[in-house]
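This report is written for a reader meeting the structure for the first time. Please keep the sequence and the 3D view at hand while reading.

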Amino acid sequence: MTVLGLAAVALLVGCGSVGAGVGVGIPVGPVSVGVGMGSGGVSAGVGTGWGPLGVGVGVNQRGQVTGNAGVGLSTGVGGARVGAGVGTSTVLHDPARAPAPAAATPAGAATAEHPNPAPAEAPMQWRDSSGQVVPACRVEGRC
């Protein structure tokens, strides 16, 4: 991973939304593990970069999982790299957001899949050979 990508990822990990943040990233193989502080609070994440571009996934202090992308630049100061970057993120998972309840559709109601619903079914009625209604107890032999 390049140093520029590392700076971008480190900054992006700290961003909870479009905005600025500061962070520290440590390269571990092809990825960077980072901790940052941004408009979304304290975050930790993993990211990678190529040139000035970086992408990552982070978790903030509220448990939200975010996907991040951005661009950054860095320069050497003493034995360390210091950088600045801008980016954006989106919430991939929010444990505080309950899933939307499925709307109950009454039987026989129109839906997008079935715009012309069938009429609601009446209870089954038994009839004899002359068309007269036969009670269910007689059909079942209970009368």
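## Trp-126 and its surroundings

Trp-126 lies in strand 7; the model in which it appears is a predicted one. The relative accessibility of Trp-126 is 44%. Because buried requires under 20% and exposed over 50%, Trp-126 counts as partly exposed.

Leaving aside residues up to four places away in sequence, Trp-126 touches Gln-132, Val-133, Val-134 and Val-139. One of these partners, Val-139, is 13 residues from Trp-126 in sequence, and the C-alpha atoms of the two are 7.6 Å apart in space.

## Ser-130 in the following loop

Ser-130 is found in the loop that links strand 7 to strand 8, the latter spanning residues 133–134. Is Ser-130 buried or exposed? Its relative accessible area is 55%, and Ser-130 is therefore exposed, as the cut-off for that class is over 50%.

The side chain of Ser-130 also takes part in a polar contact, at 2.9 Å, with the side chain of Asp-128.

## Asp-94, a buried acidic residue

Asp-94 occupies a place in the loop between strand 6 (80–93) and strand 7 (126–127). Asp-94 is buried, yet it has no salt bridge. The nearest side chain of opposite charge belongs to Arg-97, at 4.1 Å; a salt bridge has to fall within 4 Å, so this pair does not qualify.

Which side chain is joined to that of Asp-94 by a polar contact of 3.1 Å? The partner is the side chain of Gln-64.

## A nonpolar patch on the surface

Five residues, Val-24, Ile-26, Val-28, Val-33 and Val-46, make a nonpolar surface patch of about 430 Å². Strand 1, which covers residues 21–28, gives the most to this patch, contributing three residues.

Ile-26, one of the patch residues, has its place in strand 1. With a relative accessible area of 53%, Ile-26 is exposed, because that value passes the cut-off of over 50%.

## The chain as a whole

The secondary structure of the protein chain comprises two helices and eight strands. Read from the N terminus, the order of elements is α-β-β-β-β-β-β-β-β-α.

The protein chain has 143 residues, of which 28% count as buried. Its accessible surface amounts to about 9300 Å², and carbon and sulfur atoms account for 65% of that area. Among contacts in the protein chain with a separation of 6 or more, 37% are between residues 24 or more positions apart.

Definitions and conventions:
Residues are numbered from 1 along each chain as its sequence is written. This is a predicted model: local features need pLDDT of at least 70, side-chain atom pairs count only at pLDDT 80 or more; totals for chains, interfaces and linings use all residues. Side-chain values use heavy atoms; hydrogens and water are left out. Helices (H or I, at least four residues) and strands (E, at least two) are DSSP runs, numbered from the N terminus. Buried means under 20% relative accessible area, exposed over 50%, partly exposed in between (1.4 Å probe, protein chains only). Lys and Arg count as positive and Asp and Glu as negative; His and the chain ends are not counted. A polar contact is a pair of N or O atoms within 3.5 Å; within protein, one must be able to donate a hydrogen and the other to accept it, and residues adjacent in sequence count only if both atoms are side-chain atoms. Patches are made of residues with over 30% relative accessible area and no salt bridge: like charges are joined within 9 Å, nonpolar side chains (Val, Leu, Ile, Met, Phe, Trp, Tyr) within 5 Å. Accessible areas come from the Shrake-Rupley method with a 1.4 Å probe; for residues, only the protein chains shown count as cover. Contact means heavy atoms within 4.5 Å.
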